[in-house]
Amino acid sequence: AEMLTAGELISSAELAPTDGIALLPLRLEGVRINAGVAIGRAVLHHRRIQIRQVVAEDPKVELVRLDEALIGLRSALDRLAASPDMAQQGEHREVLETYRMVAGDRGWLRRMREAIQTGLSAEAAVQRVQNDMRVRMAQVTDPFFRERLTELDDLTNRLLLLLGAVDAETELPETSEGIIVVARDMSPTALLDYDRRTLKGLVLEDGAPTSHVAIIARALDIPVVGRVGQAFSKIDALDQVVVDGDRGVVYLRPGEDVQQSFSESVRLSSARAAAYAAARELPAVSRDGVHVRLHINAGLLIDMPHLEESGADGIGLYRTELLFMVRRSFPSVAEQTNVYGRVLDLARGKPVVFRTLDIGGDKALPYLPEESEENPAMGWRAIRVGLDRPSMLRQQLRALIRAAAGRELYVMFPMIAEVDEFERARAILALELERERALDAAPPAILRVGAMLEVPSLVYQLPQLLARADFISIGSNDLLQFHFAVDRNNPRLAERYDLLSPSALTMMRRIIIGCAKLGVEVSLCGEAGSHPLEAMALIGLGLRSFSVAPSAIGAVKMMLRSLEVAPLAGYLEALIGQADHSLRKKLKDYAADHGIAI
């Protein structure tokens, strides 16, 4: 009795209520952010930065310390961008370049320097600016801006550590197994801090498929499940966790049978990766002889080696805005010409589709004045900026023409909402061509001009557009966002954004058939094409060209090589008129019944 009352026989922790689940297996529902399966021990991600000195006597010394820490911060971001994992993918580059821009934001730097002048130490000034920003953003519910705050927190924490603040973050556990990181939310660079050799998966209480951390996770090829309610409170450090990114489910403390099942899934996933590598030289042809062109998306010179590594047919989308985003001033015509010329050299004769400057929305340039917009995705961006500021567009087109002298040049205008915009953009291109001829400069040997179809209004002017365009590229990310009136960055709406709904597939079929009738090449360069199931459906509708992330080439090719297109086309014709929310399950069942590798 004395031992019981003194707590020596049974500890207070053992007597605490557990709701009956503390040591039992648990299944947590979420949403798929990145596919795949991983098994490992849980690591709870959180940082508690503690500063040692609040006030300082000499502001000049503190300003020097701040400047030195900022140099170190930018160098650290450069090292992250140059890491092998980051060099092997293409789409994530925009995320890291955005970080570099934020680190050089003049407003942020000015506020920190002003705080130092009030007598604060450099680290206390950094923390004050961070706290002020958090107070101002506390009531913001827009997921886009909430994610920007998470990224600013991460940059601030890195800067504080460089200034000598103490990191009270929980140390990584000593385990021979891989780790599953569990977090309420996470910045992309924080994920990159973990050792890639041990990092196996990610579980988030928040998160969306199009968030920046999701893009980095795809580049690292790790499974991620987001919107897992109370994950941080239900999962303890070192708990065994299974992340099923394919189904959007997390298994906590799974039984032996569940572990064995998922271990087999992991083994099969590794075997698939080896099969994709072996299929690099195989043609992208279906079982019934339908050939499909597979291109990659790129945006920087560091992405160019993936053209050869993936065995792709070319670059279906080269995001030229990244060149502008990584610089502190607008690149000159000569600088742009040099970069575009090197891209064409490295492509070695394979086609490269250059998308003209797509800025605005969430892609701000540090040297251009920012304008606040209530809905940036539908605001002053892309071709709208180019037509309103024609000198910027003319300089870029001039550089592209000079870089492609004597070679084939593909130019694509983004965010075209009506045919009149396309004609005005082509007229500017014609002016630049005439200018080069007047200078006796060699023009491109072949010039093809296209439009990015990402605004639904353009679907209703498709015949008029196709009479003027050499090719069309479907930007599925924005097209579906506008089609469904869904903010694709809002995690609460993730399930309402599905290419495999009857309405979206009907729209896609209309575009594909319209292009086929007039003999105009059509491709898809959005994220949807990177998923084998979505790509299968689009091939069944008649699409014969895709531009995807380099890592997706193998999976899409293996799907195609196991597919018979003709029966699928007939099945889709019967299916597409139904009133279902999504045809995803029926298409998955069709793939399983016909041995299609999805």
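Two strands count as paired here if DSSP finds at least two bridges between them. Keep that in mind for the exercises below, and remember that this is a predicted model.

**Exercise 1. The sheet**

Work out which residue in β9 is the bridge partner of alanine 38, and where β1 and β2 stand in the sheet.

*Solution.*
- Start with the pair of strands. Strand β3 covers residues 37–44 and strand β9 covers residues 240–244; five bridges join them. The cut-off is at least two bridges, so go ahead and call β3 and β9 paired, with the two running antiparallel.
- Now pick out the residue. Alanine 38 has valine 243 in β9 as its bridge partner.
- Zoom out to the whole sheet. It's open, has eight strands, and reads β1-β10-β9-β3-β6-β7-β8-β2, with mixed pairing.
- Look at the ends of that order. β1 (26–29) and β2 (31–34) are at the edges with a single partner strand each, so each has one side without a neighbour in the sheet.
- Last, the twist: from one strand to the next, it averages 30°.

**Exercise 2. Helices α20 and α21**

Decide how α20 and α21 are oriented to each other, and sort the residues of their contact by class.

*Solution.*
- Get the geometry first. Helix α20 (residues 476–484) packs on α21 at an angle of about 125°, and the axes are 11 Å apart.
- Classify the angle. Roughly perpendicular stops at 115 degrees and roughly antiparallel needs over 145, so α20 and α21 come out oblique.
- Add the hand: this crossing is right-handed.
- List who touches whom. From α20 you have Ser476, Leu479, Leu480, His483 and Phe484; from α21, Ser503, Ala504, Met507, Met508 and Ile511.
- Sort them, and you get seven nonpolar, three polar and no charged residues.

**Exercise 3. On to α22 and α23**

Do the same for α22 with its two partners: what is the hand of the crossing of α21 and α22, and what is the hand of the crossing of α22 and α23?

*Solution.*
- Take α21 (residues 502–518) and α22 (residues 532–541). Their axes come within 9 Å and cross at roughly 45°, which makes α21 oblique to α22.
- The hand of this α21 and α22 crossing is right-handed.
- In the contact, Leu505, Met508, Arg509 and Ile512 of α21 meet Ala537, Leu538 and Leu541 of α22. That's six nonpolar residues, no polar ones and one charged.
- Met508 should ring a bell, as it also turned up in the α21 side of the contact with α20.
- Next, α22 and helix α23 (residues 553–561). The axes of this pair come within 9 Å and cross at roughly 50°, so α22 and α23 are oblique too.
- The crossing of α22 and α23 is right-handed.
- Here Pro532, Ala535, Met536 and Ile539 from α22 meet Ala555, Val556, Met559 and Leu560 from α23. Sorting gives eight nonpolar, no polar and no charged residues.

**Exercise 4. A salt bridge across the sequence**

Find out which parts glutamate 308 and arginine 280 tie together.

*Solution.*
- The structure holds 30 salt bridges. In one of them, the side chains of glutamate 308 and arginine 280 meet, at 3.2 Å from N to O.
- Check the cut-off: a salt bridge needs the nitrogen within 4 Å of the carboxyl oxygen, and 3.2 Å passes.
- Place both residues. Glutamate 308 sits in helix α13 (residues 305–310), and arginine 280 in the loop between α12 (256–278) and β11 (293–298), so the pair ties together parts 28 residues apart in sequence.

**Exercise 5. Positive phi**

Say where glutamine 230 and arginine 253 are found.

*Solution.*
- Recall the background: most residues other than glycine have a negative phi.
- Glutamine 230 has a positive phi of about 55° despite not being a glycine. Its place is the loop between β8 (224–226) and α11 (231–234).
- Arginine 253 also has a positive phi, near 50°. Arginine 253 lies in the loop between β10 (249–252) and α12.

Conventions. Residues numbered from 1 in each chain as written. Predicted model: local features only at pLDDT ≥ 70, side-chain atom pairs only at ≥ 80, totals over all residues. Heavy atoms only, no water. Helix = DSSP H or I, 4+ residues; strand = E, 2+ residues; numbered from the N terminus. Axes fitted to C-alpha atoms, helices over the stretch in contact; angles between N-to-C directions. Parallel < 35°, antiparallel > 145°, perpendicular 65-115°, else oblique. Left-handed = near helix turned anticlockwise from the far one by under 90°. Contact = heavy atoms within 4.5 Å. Nonpolar A, V, L, I, M, F, W, Y, C, P; charged D, E, K, R; others polar.
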